[in-house]
Amino acid sequence: MTTPVDLGDVAAHGAAPIRTRRHVPGSSASDLHTALLDWFAAEARDLPWRDPATGAWGVLVSEIMLQQTPVARVEPRWRDWMARWPSPADLAAASPADVLRAWDRLGYPRRALRLREAAAAISRDHGGLVPTGMADLLALPGVGTYTAAAVTAFAYRRRAVVLDTNVRRVLARLVGGRALPPPTQVVAESERARALLPDGDEESARWNAALMELGALVCTARAPSCSACPVRTECAWLLAGRPADAHASNRRTQAWHGTDRQARGRILAMVRQATGPVTPTDLARAWEPGPQYERALAGLLTDGLVAATTAPDGVVLGYALPLT
DNA sequence: AAGACGGGGCA
DNA sequence: TGCCCAGTCTT
């Protein structure tokens with residue numbers, strides 16, 4: 001149905017994006033755009049935060065939860081969260097303890113505290129409405145480049161360069177002809193993404209979502225389903241014979257067992273599940289005594305994830321989630 | 001630019 | 001076991 005765009009040059013040089021958008025009267029979309037947007041219209045998952053009835057607050061909550069956490073684990077937590085705190089003001093009025101318990105085991109619990117702080121800032125500085133500009137969004141705790149762009153695109157349906165791990169991988173393959181993007185994001189990637197972004201607001205928003213969805217469902221990191229890909233005839237990586245990852249040796253896998261992070265997780269899990277303060281003796285059962293335990297607990301206190309209750313003489317009676 | 005920061009699921 | 005996941009913040 002469509003004529004594949006010739007990406008041979010891109011595949012050969014592996015360099016920057018080279019195609020520009022076509023401006024055909026009556027049709028602003030290139031064949032590439034049409035193919036991916038049609039696929040997205042047919043195959044997109046029915047995620048609750050994509051419901052048009054979900055407002056910007058719901059989108060923001062979903063984006064924070066989805067930072068480094070897969071969709072399948074986020075969805076039930078998001079539903080509970082939105083039922084309990086349907087507006088920023090509702091969350092701002094909640095205690096950190098309630099927020100951390102509702103966060104459950106989504107991981108990176110500092111995100112939960114930052115989301116609460118963001119809700120307070122939204123209530124205080126923006127009349128209770130999630131701000132619309134990139135600068136105001138970026139000023140919110142826990143909102144970085146990706147999340148600000150995602151809220152702009154998916155909540156407000158405006159043009160923004162949304163570059164997450166999925167989009168980076170899809171563009172690295174489709175346009176760059178590489179197996180995977182570089183270990184850390186480089187300027188050329190955002191330029192490439194911008195060059196491909198449709199001009200229209202609504203169309204660009206759908207394009208961003210479609211790229212992410214393709215990366216999540218088809219153009220996956222481990223075992224991409226190229227035979228099912230709607231843009232396989234235009235993929236520089238596939239056309240080049242799916243060459244192996246060039247930076248494989250530079251990628252560093254993060255340790256887990258026996259790390260400070262695991263110790264923090266164990267300690268916080270014990271405090272989170274307790275109904276009242278945990279005595280120092282009980283808490284010490286969460287991890288082997290020693291400098292690592294002390295370091296982990298101190299870090300949790302510093303981060304505001306755990307609070308100590310003390311007697312008048314300063315002796316620690318117990319540890320609990322912070323009530324304020 | 002590099003490191004810290006959770007936790008679970010799948011090959 | 002190793003790798004991956006809609007990243008952000010600090011140094």
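The following paragraphs lead through a predicted model of a protein chain with two DNA strands, beginning with the confidence of the prediction and ending with one threonine.

Chain A has an average pLDDT of 91, and 91% of its residues score at least 70. Residues 1-28 are a stretch where the pLDDT is below 50, although in the model this stretch still has 39 contacts beyond near neighbours in sequence. Where pLDDT is low, the predicted coordinates should not be read in detail.

We turn next to the packing of two helices. Two packed helices are described by the angle between their axes and the distance between the axes. For helix H2, which spans residues 31-43, and helix H12, which spans residues 201-217, the angle is about 70° and the axes are 9 Å apart. Because an angle from 65 to 115 degrees counts as roughly perpendicular, H2 and H12 are therefore described as roughly perpendicular to each other. On the H2 side, the contact is made by Leu32, His33, Leu36, Leu37, Trp39, Phe40 and Glu43, and these meet a set of residues in H12 that includes Arg206, Trp207, Leu211, Leu214 and Leu217. Sorted by class, this contact of H2 with H12 comprises 11 nonpolar, 1 polar and 4 charged residues.

The surroundings of DNA strand B come next. There are 16 residues around DNA strand B, and of these Arg73, Tyr108, Pro109, Arg264 and Gly265 come nearest. Helix H14, residues 260-273, gives the most to the surface near this strand, with 3 residues, and by class the surface has 5 nonpolar, 5 polar and 6 charged residues. Considering the atoms of DNA strand B within 4 Å of the protein, 52% belong to sugar or phosphate, while the rest belong to bases. Individual polar contacts reach both kinds of atom: the side chain of Thr69 has an N or O atom 2.8 Å from a base nitrogen of DNA strand B, and a polar side-chain atom of Arg73 likewise lies 2.8 Å from a base nitrogen of that strand, whereas the side chain of Arg110 places an N or O atom 3.0 Å from a sugar or linking oxygen.

Around DNA strand C there are 26 residues, of which Glu63, Tyr146, Thr147, Asp164 and Arg169 come nearest. The surface near DNA strand C divides into 10 nonpolar, 9 polar and 7 charged residues, and helix H9 (145-155) and helix H10 (165-174) each supply at least two of its residues. Of the atoms of DNA strand C within 4 Å of the protein, 64% belong to sugar or phosphate and the rest to bases. A polar side-chain atom of Asp164 lies 2.6 Å from a sugar or linking oxygen of DNA strand C, while phosphate oxygens of this strand figure in the contacts of Asn166, with a separation of 3.1 Å from an N or O atom of its side chain, and of Arg169, with 2.5 Å from a polar side-chain atom.

Arg169 also leads back towards the protein itself, since this residue is touched by Thr220, which in addition touches Arg173 and Gly215, leaving aside residues up to four places away in sequence. Thr220 is located in the loop between H12 and helix H13 (236-239), and a polar atom of the Thr220 side chain lies 3.2 Å from the backbone oxygen of Ala223.

Key: Residues numbered from 1 in each chain as written. Chains lettered and ligands numbered in written order. Predicted model: local features only at pLDDT ≥ 70, side-chain atom pairs only at ≥ 80, totals over all residues. Heavy atoms only, no water. Near = heavy atom within 4 Å. Polar contact = N/O pair within 3.5 Å; in protein donor to acceptor, adjacent residues only side chain to side chain. Helix = DSSP H or I, 4+ residues; strand = E, 2+ residues; numbered from the N terminus. Nonpolar A, V, L, I, M, F, W, Y, C, P; charged D, E, K, R; others polar. Axes fitted to C-alpha atoms, helices over the stretch in contact; angles between N-to-C directions. Parallel < 35°, antiparallel > 145°, perpendicular 65-115°, else oblique. Contact = heavy atoms within 4.5 Å. pLDDT = per-residue confidence, 0-100.
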